[in-house]
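Me: I'd like to get better at reading a model like this one. Could we go through it feature by feature?

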Amino acid sequence: MKQKNIFVAAVIMLVVVFVLAASFYKRQQSEHAAQLVQQNQVALNRAHAPTVGNPDAPVHIVEFFDPACGTCAQFYPMVKQLMANYPGKIRVSMRYAPFHPGSDQVVKVIEAARKQGQFKQAVEALFASQETWVINHTAQFDRIWGPLSGLGLQMEQLKADMHSPEVGQLIQQDLADAKTMNVTMTPEFFVNGQPLPKFGFDELKKLVDEAVAKANKP
Amino acid sequence: MTEQSNSSWALVFVAWLVAALATAGALFFSEIMGYAPCVLCWYQRIFMFPLVVILALGLFPFDPKVTRYALPLVAVGLAVAGYHLLLTAGLIPERMSPCVQGIPCSKVQVEWFGFLTIPFLSFLSFIAISGLLIAAHFHTPK
């Protein structure tokens with residue numbers, strides 16, 4: 001009987017210590033992340049980033065995304081719905097974080113399409129057709145042209161733009177900023193300069209709801 | 001229960017405790033701190049995690065034969081941990097490392113007090129468990 005008690009006490013101790021240590025570690029991490037964001041607002045809010053929504057919107061979401069990332073594709077319509085819920089209140093800046101192999105080329109095409117005013121259309125077409133051109137977590141560059149063919153892009157111009165040093169620099173800057181902000185997974189969201197306390201759409205929605213409520217107060 | 005089997009129960013219990021601590025620690029590194037385990041770490045996990053279950057089953061009711069089932073696992077785990085330790089210490093050249101992709105096993109992710117790395121902790125745990133189980137084995141009345 002005594003042995004059983006010792007064993008049960010040990011199991012409870014282990015579980016309690018694990019849970020306490022985990023919550024302590026998580027709290028420290030989120031404080032650290034908040035500090036990091038505070039110190040690096042410049043890296044977060046670059047003027048070069050493509051932005052959708054009302055330019056004077058009080059709520060500013062910065063999203064680091066990868067066109068080849070499945071979760072990014074799933075979040076895209078949800079974020080769009082969130083913007084529709086609060087018309088004119090939200091603007092979203094899209095930052096490139098091409099972490100998947102081959103994705104950097106695709107990002108260049110998106111940036112070149114942006115020069116032709118087709119940023120949103122290109123992103124939507126690529127997200128919608130993602131499973132046809134992302135195979136085994138690798139972006140297949142040859143396969144993106146089918147989905148993009150409906151946009152009426154000027155191909156000659158596009159190919160010239162995607163290899164321009166300017167586009168390359170912009171993507172390098174986004175990647176460097178992602179590193180500064182400790183973005184290691186996509187999508188990653190910041191709402192008015194604040195990171196999500198924990199990854200998830202509910203967490204994003206909550207931050208946005210709070211920011212909109214704050215902006216609505218006189 | 002005789003005194004002798006009481007103390008061998010205690011030895012197996014402490015071995016279980018070490019295995020449980022090592023398992024909790026490994027899970028803390030990967031699930032809470034987000035360090036992805038390298039290939040060699042996975043092999044050590046494969047031989048460490050089941051010890052928590054097997055040794056616990058051997059404690060209630062106490063079955064001295066549990067050392068017979070647990071020690072082979074410990075021996076293999078110890079061998080992998082020893083290899084991993086030599087790898088991180090640089091005593092085995094990196095090109096011999098089986099980790100060509102993903103996280104290199106020779107990369108040290110945690111170093112406490114200047115010498116306590118994750119492979120070293122794993123090695124110590126396997127050593128402690130094997131010592132305790134061997135002691136329990138010879139302690140048990142035949």
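Me: Let's start with Pro187(A): in which loop of chain A is Pro187(A) found?

Reply: Keep in mind that this is a predicted model. Pro187(A) sits in the loop between helix H9 (165–180) and S6 of chain A. Look at the bond before it, too: Thr186(A) and Pro187(A) are joined by a cis peptide bond, with omega about -10°.

Me: And which residues does the cis bond in chain B join?

Reply: There, Phe60(B) and Pro61(B) are joined by a cis peptide bond, with omega about -10°. Pro61(B) lies in the loop between H2 and H3 of chain B.

Me: What should I look for in backbone angles, say the phi of Asn182(A)?

Reply: The general idea first: most residues other than glycine have a negative phi, and most peptide bonds are trans. Asn182(A) isn't a glycine, yet has a positive phi of about 60°. It belongs to the loop between H9 and S6 of chain A. Asn182(A) is partly exposed, with 14 other C-beta atoms within 10 Å.

Me: What about Asn192(A), where is it and what is its phi?

Reply: Asn192(A) lies in the loop between S6 and strand S7 (194–195) of chain A, and its phi is positive, near 45°. Asn192(A) also counts as partly exposed, with 15 C-beta neighbours inside 10 Å.

Me: Now helices. How many residues does H2 of chain B have, and how far does it reach?

Reply: Helix H2 (residues 39–59) of chain B has 21 residues and reaches 31 Å from its first C-alpha to its last, close to the 30 Å expected at 1.5 Å a residue. H2(B) does bend, by about 30° at Leu51(B).

Me: Which elements do the buried residues of H2(B) pack against?

Reply: Generally, an α-helix has 3.6 residues a turn, so residues three or four places apart point the same way. In H2(B), the buried residues include Leu40(B), Tyr43(B), Phe47(B), Leu51(B) and Leu55(B). The buried residues of this helix pack against helix H1 (3–32), helix H3 (66–88) and helix H4 (118–139) of chain B.

Me: Which residues have the most contacts inside the largest nonpolar core?

Reply: Val106(A), Val191(A) and Val208(A), in a core of 48 residues. H3(A) gives this core its largest share, seven residues. Setting aside neighbours within four places in sequence, Val191(A) contacts Val59(A), Ile61(A), Leu207(A), Val208(A) and Ala211(A).

Me: Last one: how many residues of chain A are in contact with chain B?

Reply: Nine residues of chain A contact ten of chain B. On the chain A side, seven are nonpolar, one is polar and one is charged.

Methods: Residues numbered from 1 in each chain as written. Chains lettered and ligands numbered in written order. Predicted model: local features only at pLDDT ≥ 70, side-chain atom pairs only at ≥ 80, totals over all residues. Contact = placed C-beta atoms within 7 Å. Nonpolar A, V, L, I, M, F, W, Y, C, P; charged D, E, K, R; others polar. Helix = DSSP H or I, 4+ residues; strand = E, 2+ residues; numbered from the N terminus. Expected span 1.5 Å × (residues − 1). Bend = angle between axes of the 7 residues up to and from the residue. Buried ≥ 20, exposed ≤ 12 C-beta atoms within 10 Å, placed from the backbone. Core = buried A, V, L, I, M, F, W, Y, C linked by C-beta atoms within 7 Å.
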